[in-house]
Amino acid sequence: MQLAFTKMHGAGNDFVVLDATRAPIALSAAQLRLLADRHFGVGADQILMVEPPPSSEVDFRYRIFNADGGEVEQCGNGARCFVAYVHGKGLTDKRRIRVQTLSGIIEPELQADGRVTVDMGAPVFNLPQVPFDASGLSPRQVDAWEQWPLDIDGATAWISVLSMGNPHAVQRVDDVDAAPVHSDGPRIEHHPRFPKRVNAGFMQIVDAHHIRLRVWERGAGETLACGTGACAAVVAGLRHGWLRDSVDVETRGGLLTIAWAGPGQPVHMTGPAAFVFDGLIALPDLP
Ligand SMILES: N[C@@H](CCC[C@H](N)C(=O)O)C(=O)O
């Protein structure tokens with residue numbers, strides 16, 4: 001099968017974007033893994049599939065697959081690239097778009113400077129909905145919100161747990177460059193208390209409007225930026241009283257700005273979306 005694709009990135013979180021608006025594209029998990037493979041395929045953290053709207057309520061459907069081939073609910077950097085893609089490829093001339101994702105409707109908007117702002121919806125704190133199994137654990141209160149003790153091979157990491165449509169465990173660290181992202185990240189991702197696995201964020205507070213963040217992503221490993229991870233970290237920092245209003249999130253791939261007005265309110269994320277190249281790949285049949 002010859003497959004046309006576009007390579008994009010949002011703050012270094014990179015994507016293979018596929019246009020399934022004219023004809024459906026069905027790929028096996030093995031084919032998705034090959035597309036994402038940096039040696040044998042195109043290379044990407046996630047594959048994004050642009051599809052026709054499932055109802056008149058929305059303009060498009062957008063599906064997200066991690067590099068490991070698993071379909072997931074939400075992707076913040078992907079949402080920005082999605083908007084730049086449908087606009088750049090002439091699939092719509094609307095600058096504000098309503099998009100159906102696996103975890104609900106989001107509303108991204110293309111700004112005049114080329115950046116994209118996304119209404120990511122309200123964060124979810126209900127633990128079974130994340131999902132996180134807190135049975136038998138005693139939380140500690142940090143300002144308005146609790147942190148949970150997560151046992152990692154006998155050591156305790158204090159984590160803030162929430163969903164941005166997808167699951168996140170955020171911990172505060174003194175120095176993000178020295179954080180155990182590659183050792184603890186996979187342990188947290190696969191921790192039995194997270195039945196659907198989890199994205200593990202490591203956040204250094206610089207000041208009340210500036211954090212540095214690294215994220216070990218479920219199904220992709222450490223990425224240069226994670227949009228939902230940035231939203232989750234800022235929401236945690238605001239609820240714990242470490243941050244104020246609008247916060248710049250410095251990632252290894254670029255800057256994201258996150259604003260949140262409090263529980264029940266949507267999180268707004270602003271950041272870049274960039275085209276890299278268009279291509280064609282011969283994809284073998286892989287069950
Ligand atoms: N890169 C993303 C998140 C992609 C999905 C995530 N790895 C998950 O499994 O939930 C972002 O920018 O939000």
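In this predicted model, the domain assignment of the chain gives two parts, with domain 1 covering 2-115 + 273-282 and domain 2 covering 127-267. The C-alpha centres of domain 1 and domain 2 lie 24 Å apart, and the two domains meet through contacts in which 20 residues of domain 1 take part together with 20 residues of domain 2. On the side of domain 1 that touches domain 2, helix H2 (residues 76-88) gives the most, with 3 residues. When that side of domain 1 is sorted by class, it has 5 nonpolar, 12 polar and 3 charged residues.

A second way into the structure is through annotated positions. Under "binding site", an unreviewed UniProt entry lists Asn13, Gln46, Asn66, Gly76, Asn77, Asn166, Asn199, Glu217, Arg218, Gly227 and Thr228. Two of these listed residues, Asn13 and Asn199, can be followed here in turn.

Asn13 belongs to strand S2, which runs over residues 13-19. Because 31 C-beta neighbours lie inside 10 Å of it, and 20 or more are enough for the term, Asn13 counts as buried. Once its neighbours within four places in sequence are left aside, Asn13 is in contact with Asp45, Asn77, Thr223, Leu224, Ala225, Cys226 and Gly253; among these partners, Asn77 is itself on the UniProt list for "binding site".

Asn199 is found in strand S13 (residues 199-207). With 26 other C-beta atoms within 10 Å, Asn199 is likewise buried. Apart from residues within four places in sequence, Asn199 is in contact with Asn166, Pro167, His168, Val215, Glu217, Arg218, Cys226 and Gly229. Of these partners, Asn166, Glu217 and Arg218 also appear in the UniProt list for "binding site". Cys226 is a contact of Asn199 and is also a contact of Asn13.

A last stop is Leu32, a residue of helix H1, which spans residues 29-36. Leu32 has 26 C-beta neighbours inside 10 Å and therefore counts as buried. Not counting residues up to four places away in sequence, Leu32 touches Leu27, Ile47, Phe65 and Gly69. Leu32 can also be placed relative to Asn13, since the two residues stand 19 residues apart along the chain and their C-alpha atoms are separated by 17 Å.

Technical notes:
Residues numbered from 1 in each chain as written. Predicted model: local features only at pLDDT ≥ 70, side-chain atom pairs only at ≥ 80, totals over all residues. Helix = DSSP H or I, 4+ residues; strand = E, 2+ residues; numbered from the N terminus. Buried ≥ 20, exposed ≤ 12 C-beta atoms within 10 Å, placed from the backbone. Contact = placed C-beta atoms within 7 Å. UniProt positions renumbered as here; feature names shortened; annotations may be inferred. Domains from an automatic or database assignment. Nonpolar A, V, L, I, M, F, W, Y, C, P; charged D, E, K, R; others polar.
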